[in-house]
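Me: I would like to learn how to read a fold from its coordinates. Could you walk me through it?

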Amino acid sequence: MTSTDNEVEAGRTVRVGDRDIFFTEAGTGPVLVLLHGGGPGASGLSNYSRNIEVLARRFRVIVPDLPGYGRSSKHIDQRDPFGDLAAAIGGLLEVLQVPRAHLIGNSYGGAAALRLAMDRPEQVDKLILMGPGGVGTTRTLPTSGLQSLLSYYTGQGPSREKLAQFLRDYLVYDASAITDAIIDERYRASVDPEVAANPPLRRPSGLGALRTVWRMDFTRDPRLSSVTHPTLVIWGADDQVNRPEGARMLADRMPNCDLYLAARTGHWVQWERAELFNDLVVAFLGQSA
């Protein structure tokens, strides 16, 4: 099912393995899947609200809620979260009978997209990764932004104040862009009882924690140098969650990787610099305006 123009459809849920995956779509043309980040209260539509309409003029845009978020099932295999997310997206493409798609991924979604390209390369055409997670994470201490993100559900638990601090101090360059309405919407989603009981993004723990941490750093995986898909890495120069140095790490290891560093921009390039981002996507994916 696709929309006949660039209006976003109401959305629907399909069964992928043992989970329900909710997604919306718009437009026609080559398939482009948008994978959102892992911050508290995130969802596909909220993360790409400034991009879908423009990109749907040229692509069939599919925007899922990743497992653990939005209206999708809330379980993620914490022994291998990137692999589990990738398997869910690969399974969604199979259910939708999409043999191959372009992928855009921000942060957690970027890690899922890159892992899918490693695990099921035949399902991926081109990659666009925005400040993806899992790049050099075992080679340096976590940023303050990542620590804020990972501690949201710990300690005294989630609160509107903790979420506001993460969004305004770490997610974006210009804190004034984050309105109270954005905070309220994401806070409501973040305290869904199912989410709070099983947070989708957290520090690895337990007996297998070290193995999980190692597995979640793509720079430790020898398969990274075999990812030959044309890839564009976009990173905010002022990203306070995932260090911009990660862009160079990917370019040094991936044979077909271009870089774009966005000045005066934080972790949410597609939202903070939407016009720039949309233009880069169209140019890189080779579609005429």
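Reply: Gladly; we will go through the cores, a buried residue, a pocket and some strands, keeping in mind that this is a predicted model.

Me: Let's begin with the interior. Which residues touch the most other members of the largest nonpolar core?

Reply: The general idea first: in soluble globular proteins, nonpolar side chains tend to be buried together. Here the largest nonpolar core has 65 residues, and Val33, Leu114, Leu127, Leu167, Ile178 and Leu250 touch the most other members. Helix α4, residues 108-119, gives the most to this core, with 8 residues.

Me: Take one of those. What is isoleucine 178 in contact with, leaving aside its neighbours within four places in sequence?

Reply: Isoleucine 178 is in contact with Leu167, Arg168, Val172, Ile183, Trp268 and Trp271, once those sequence neighbours are left aside. Apart from the largest core lies another core, of 23 residues, including Ile128, Val281, Phe284 and Leu285.

Me: Is valine 281 buried or exposed?

Reply: Valine 281 counts as buried because its relative accessibility is 0%, and the cut-off for buried is under 20%. This valine has its place in helix α12, residues 274-285. Not counting residues up to four places away in sequence, valine 281 touches Leu32, Leu55, Ile104 and Ile128. For a sense of scale, its C-alpha atom is separated by 34 Å from that of asparagine 198, with the two positions 83 residues apart along the chain counted as their distance apart.

Me: Now for empty space. Which residues lie nearest the centre of the largest pocket?

Reply: Rolling a probe the size of a water molecule over the atoms shows where empty space is left. In this model, the largest pocket holds about 600 Å³ of space. Its lining has 31 residues, of which Gly134, Thr137, Leu146, Leu150 and Asn242 lie nearest the centre. By character, the lining divides into 16 nonpolar, 10 polar and 5 charged residues. Helices α5 (144-150) and α10 (245-253) each supply at least two residues of the lining.

Me: Finally, the strands. In what sense do β1 and β2 pair?

Reply: Strand β1, residues 12-16, pairs with β2 in the antiparallel sense over 5 bridges. The two form a hairpin with 2 residues between them, and glycine 17 in the turn has a positive phi of about 65 degrees. On its other pairing, β2 meets strand β4, residues 60-64, in the antiparallel sense over 4 bridges. Phenylalanine 23 lets you follow both pairings: this β2 residue is the bridge partner of arginine 12, and its bridge partner in β4 is proline 64. Strand β2, residues 19-26, is mostly covered, with 7 of its 8 residues buried.

Technical notes
Residues are numbered from 1 along each chain as its sequence is written. This is a predicted model: local features need pLDDT of at least 70, side-chain atom pairs count only at pLDDT 80 or more; totals for chains, interfaces and linings use all residues. Side-chain values use heavy atoms; hydrogens and water are left out. A nonpolar core is a set of buried Ala, Val, Leu, Ile, Met, Phe, Trp, Tyr and Cys residues joined through side-chain atoms within 4.5 Å. Buried means under 20% relative accessible area, exposed over 50%, partly exposed in between (1.4 Å probe, protein chains only). Contact means heavy atoms within 4.5 Å. On a 1 Å grid over the protein atoms alone, a cavity is a set of points where a 1.4 Å probe fits but cannot get out, and a pocket is an open set with protein on both sides within 12 Å along at least five of seven lines; lining residues have an atom within 4 Å of a point. Grid points are joined across faces, edges and corners, and a volume is the space filled by probe spheres set on the points. Ala, Val, Leu, Ile, Met, Phe, Trp, Tyr, Cys and Pro count as nonpolar, Asp, Glu, Lys and Arg as charged, and the others, Gly among them, as polar. Two strands pair if DSSP finds at least two bridges between them.
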